[in-house]
Amino acid sequence: MTDMLSSTLMITFLFIAVSTILRAMNAKPPIISLEDTEDYRFRTGSFILSQNFEDTLKAKAIPNIESTIKCYGIDTIEIVGHTDGRPSTPGGNIDMALVKGFEAKDMSKVIPGSNIDLGFLRAMAVQDKISNILTKRGVNNIGFRVLSAGSTINIDGRFSPAKNKDDKARRRIEIRFLRRSKTPFIPKCS
């Protein structure tokens with residue numbers, strides 16, 4: 001009877017341990033949303049980071065980014081730019097000027113011609129700043145993806161193109177975390 005009881009207890013503990021490890025391995029990292037507030041605001045039609053934006057990014061978002069990287073073994077960060085539906089000024093040159101501006105590290109001559117362009121350029125500006133800060137802090141093995149949802153994704157994450165108007169709630173930058181490595185990893189969150 002004692003052997004059966006101890007075997008049952010051992011199997012129960014083993015089951016709990018394995019299920020806990022599997023749950024931890026499937027844990028999903030958070031999405032950090034830099035919503036259009038005074039701290040994270042772009043001027044209308046602009047993708048240039050204000051000093052306040054940069055300072056707040058460094059003080060508030062970067063510590064969360066660093067801890068998420070360590071906790072979940074992150075190797076890729078996606079930066080997604082979202083805009084409202086207010087129409088952009090026509091005459092963009094992103095297709096012609098993007099590579100040249102990127103290589104020269106001077107995006108001042110790039111002109112967004114749509115909200116998709118604007119979201120992309122905003123995400124690119126945030127990615128550049130995050131990458132520079134992380135590199136200075138010794139975090140070097142992170143890949144980046146820069147994407148734009150323009151005005152097509154609602155705040156709840158559903159596809160829902162925006163009306164052609166000012167809508168502060170839709171303007172944001174989302175920072176998403178990926179682990180592309182095939183090596184198993186158990187999150188080390190404290």
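I94, L98 and F102 in helix α3 meet D117, F120, L121 and M124 in helix α4. This is a predicted model, and that helix contact is a good place to enter it. The residues of the contact divide into 6 nonpolar, no polar and 1 charged. Aspartate counts as charged, so the charged member is D117 of α4.

Now look at how the two helices lie. Helix α3 covers residues 94-104, and helix α4 covers residues 115-136. Their axes are 13 Å apart and meet at an angle of about 5°. Angles under 35 degrees count as roughly parallel. The pair α3 and α4 is therefore roughly parallel.

Turn next to the strands. Strand β4 spans residues 172-178. Is this strand mostly covered or mostly uncovered? It is mostly covered, with 5 of its 7 residues buried. Strand β4 pairs with strand β1, residues 32-35, in the antiparallel sense over 4 bridges. Within β4, E174 is the residue that stands opposite S33. Strand β2, residues 76-82, also runs antiparallel to β4. Here 7 bridges join the two strands. I173 in β4 has G81 standing opposite. Strand β4 thus pairs with β1 and with β2.

The chain also carries a covalent cross-link. How many disulfides does a search of the whole structure find? It finds 1. C71 and C189 form it, with their sulfur atoms 1.5 Å apart. The pair links distant parts of the chain, 118 residues apart. C71 sits in helix α2, residues 51-72. C189 lies in the segment after β4.

The two cysteines can be followed further by their accessibility. C71 has a relative accessible area of 8%. Buried means under 20%, so C71 is buried. C189 has 43% relative accessibility. Exposed means over 50%, and partly exposed lies between the two cut-offs, so C189 counts as partly exposed.

Stay with helix α2 for one more residue. E66 is found in this helix. Is E66 buried or exposed? At 16% relative accessibility, E66 counts as buried, because the cut-off is 20%. What does E66 contact, leaving aside its neighbours within four places in sequence? The residues in contact with E66 are L134, R137 and V139. Of these, L134 falls within helix α4, residues 115-136. That brings the path back to α4, the helix whose D117, F120, L121 and M124 meet α3.

Key. Residues numbered from 1 in each chain as written. Predicted model: local features only at pLDDT ≥ 70, side-chain atom pairs only at ≥ 80, totals over all residues. Heavy atoms only, no water. Axes fitted to C-alpha atoms, helices over the stretch in contact; angles between N-to-C directions. Parallel < 35°, antiparallel > 145°, perpendicular 65-115°, else oblique. Contact = heavy atoms within 4.5 Å. Buried < 20%, exposed > 50% of the residue type's maximum accessible area, 1.4 Å probe, protein only. Pairing = 2+ DSSP bridges. Disulfide = S-S within 2.5 Å.
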